[in-house]
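I opened this notebook to record what I looked up about aromatic side chains. The entries follow the order in which I consulted the structure.

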Amino acid sequence: QPLDPTCVQEGDEFEITFSFMSSTTTSTLPSARIRVAQFSTVNKKLETMRWENFASAANYQAGEWQTVTDSWTIDSVSASADYLEFSIVGGNQIIVLDNVSITKVGAASTGNR
């Protein structure tokens, strides 16, 4: 899911939350991540600068909803990105997702985004 990079600035803090459930046991649990990319004028395409990886579920019981929450503080690299993309990855089974959110919980002391 693309995120609007003009809505973040260095020092902003966000809470990332999602819930998931699977009817089977799993050996790898889903986690959230954000791709931070810049447009290359040389190669004429987006180039990934890095991935922001967030915590996965600590415990999981089949058939039960599990909520995963982590925080993301915007640094200078993420703040200068041309492209931000949110995804939930991992898990070696079919899962149901619900209540996926990225919520600003703290704003940088300067700026107006």
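Entry 1. I noted at the outset that this is a predicted model. I began with Phe-14 and asked whether Phe-14 is buried or exposed. I found a relative accessible area of 8% for Phe-14, so this residue is buried, the cut-off being under 20%.

Entry 2. I next looked up Trp-72, for which the relative accessible area is 2%. Trp-72 is therefore buried.

Entry 3. I then counted the aromatic pairs and obtained 4. One of them joins Phe-14 and Trp-72, with ring centres 5.7 Å apart. The planes of these two rings stand at 35°, so I entered the pair as tilted, since stacked requires under 30 degrees and edge-to-face over 60. I located Phe-14 in strand β2 (residues 13–21) and Trp-72 in strand β5 (residues 66–73). The two residues are 58 residues apart, and the pair thus links distant parts of the chain.

Entry 4. I turned to Phe-54 and Trp-72, whose ring centres lie 6.4 Å apart. Their planes are at 75°, so I recorded this pair as edge-to-face. Phe-54 belongs to strand β4 (residues 45–56) and Trp-72 to strand β5, at 18 residues apart, and this pair also links distant parts of the chain. I noted that both Phe-54 and Trp-72 are buried.

Entry 5. Which residues form one aromatic cluster with Trp-72? I found that Phe-14 and Phe-54 do so.

Entry 6. Lastly, I examined Trp-51 and found Arg-33 over the face of its ring. The distance from the ring centre is 3.7 Å.

Definitions and conventions. Residues numbered from 1 in each chain as written. Predicted model: local features only at pLDDT ≥ 70, side-chain atom pairs only at ≥ 80, totals over all residues. Heavy atoms only, no water. Phe/Tyr/Trp six-rings, centres within 6.5 Å; stacked < 30°, edge-to-face > 60°. Helix = DSSP H or I, 4+ residues; strand = E, 2+ residues; numbered from the N terminus. Buried < 20%, exposed > 50% of the residue type's maximum accessible area, 1.4 Å probe, protein only. Lys NZ or Arg CZ within 6 Å of the ring centre and 35° of its normal.
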